[in-house]
Amino acid sequence: MDNNKRGCLAEYLFATECMKREFEVSMPLMDSSLYDCIIDNGKRLVRVQIKSSIKVPEKDRHNSVHIPLQNNKRNYSKDKIDFFAVWSDYFKGWFIFPNSGGMQSIRVSLTGKNKKFFNNFAFE
């Protein structure tokens with residue numbers, strides 16, 4: 001599957017997971033928006049940028065995966081994107097974490113400091 005199809009699939013899978021949790025989901029009609037969806041969690045509206053990764057851990061990284069968030073085309077500033085939702089094929093789940101502003105990448109694992117974001121749909 002090419003990157004564009006994988007990204008589209010990730011967006012729909014994330015929206016479906018949110019709907020299973022009874023969140024309202026809105027998606028822009030055009031792909032020019034910085035966010036991929038807006039989640040209404042009953043308390044607030046959250047702008048989410050969705051990513052997908054097929055990366056596997058490097059040999060010396062003890063089951064952690066380095067995932068880029070930014071590219072040269074877009075700047076996901078804190079005032080435009082509230083959360084990132086990253087699907088990891090390796091971990092078979094979502095890492096959902098707040099945008100701290102200026103993030104270039106994140107290292108995810110089920111044992112490190114970012115394990116708290118694994119399948120965490122609290123949007124806090």
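**View 1. Strand β7 of the predicted model, with its two faces and its partner strand β4.** In strand β7, which covers residues 105–108, the side chains of Ile 106 and Val 108 point to one face and are buried, while those of Ser 105 and Arg 107 point to the other face and are not buried. The model shown here and in the other views is a predicted one. Such alternation between the two faces of the sheet is what a regular strand shows in general. Strand β4 (residues 65–68) runs antiparallel to β7 and is joined to it by four bridges, and His 66 stands opposite Arg 107 of β7.

**View 2. Aromatic pairs and the aromatic cluster.** Across the whole structure, a search finds 13 aromatic pairs. One of them is formed by Phe 83 and Phe 123, an edge-to-face arrangement with 5.4 Å from centre to centre and 85 degrees between the planes. This pair links distant parts of the chain, since Phe 83 belongs to strand β5 (residues 83–88) and Phe 123 to the segment after β7, 40 residues apart. Phe 83 counts as buried because its relative accessibility is 3%, under the 20% cut-off, and Phe 123, at 3% relative accessibility, also counts as buried. The rings of Trp 87 and Trp 94 have centres 5.4 Å apart and planes at 65 degrees, so this pair is edge-to-face as well; Trp 94 is buried, with a relative accessible area of 3%. Phe 83, Phe 123, Trp 87 and Trp 94 belong to one aromatic cluster together with Phe 14, Phe 23 and Phe 121.

**View 3. Arg 21, its ring contact and the salt-bridge network.** The charged end of Arg 21 sits over the ring of Phe 121, at 3.8 Å from the ring centre, and the side chain of Arg 21 also meets that of Glu 17 in a salt bridge of 2.8 Å, N to O. Glu 17 forms a salt bridge with Lys 20 too, with 3.1 Å between the closest N and O atoms; these two residues both lie in helix α1, three residues apart, about one turn of the helix. Lys 20 is exposed, with a relative accessible area of 58%, whereas Glu 17 counts as partly exposed at 22% and Arg 21 as partly exposed at 35%.

**View 4. The salt bridge between Asp 82 and Arg 47.** The structure holds three salt bridges, including one in which the side chains of Asp 82 and Arg 47 meet at 3.0 Å, N to O. The two residues come from distant parts of the chain, Asp 82 from the loop between β4 and β5 and Arg 47 from strand β3 (residues 45–53), 35 residues apart. Asp 82 is buried, with a relative accessible area of 17%, while Arg 47, at 24%, counts as partly exposed.

Conventions:
Residues numbered from 1 in each chain as written. Predicted model: local features only at pLDDT ≥ 70, side-chain atom pairs only at ≥ 80, totals over all residues. Heavy atoms only, no water. Buried < 20%, exposed > 50% of the residue type's maximum accessible area, 1.4 Å probe, protein only. Pairing = 2+ DSSP bridges. Phe/Tyr/Trp six-rings, centres within 6.5 Å; stacked < 30°, edge-to-face > 60°. Lys NZ or Arg CZ within 6 Å of the ring centre and 35° of its normal. Salt bridge = Lys/Arg side-chain N within 4 Å of Asp/Glu carboxyl O.
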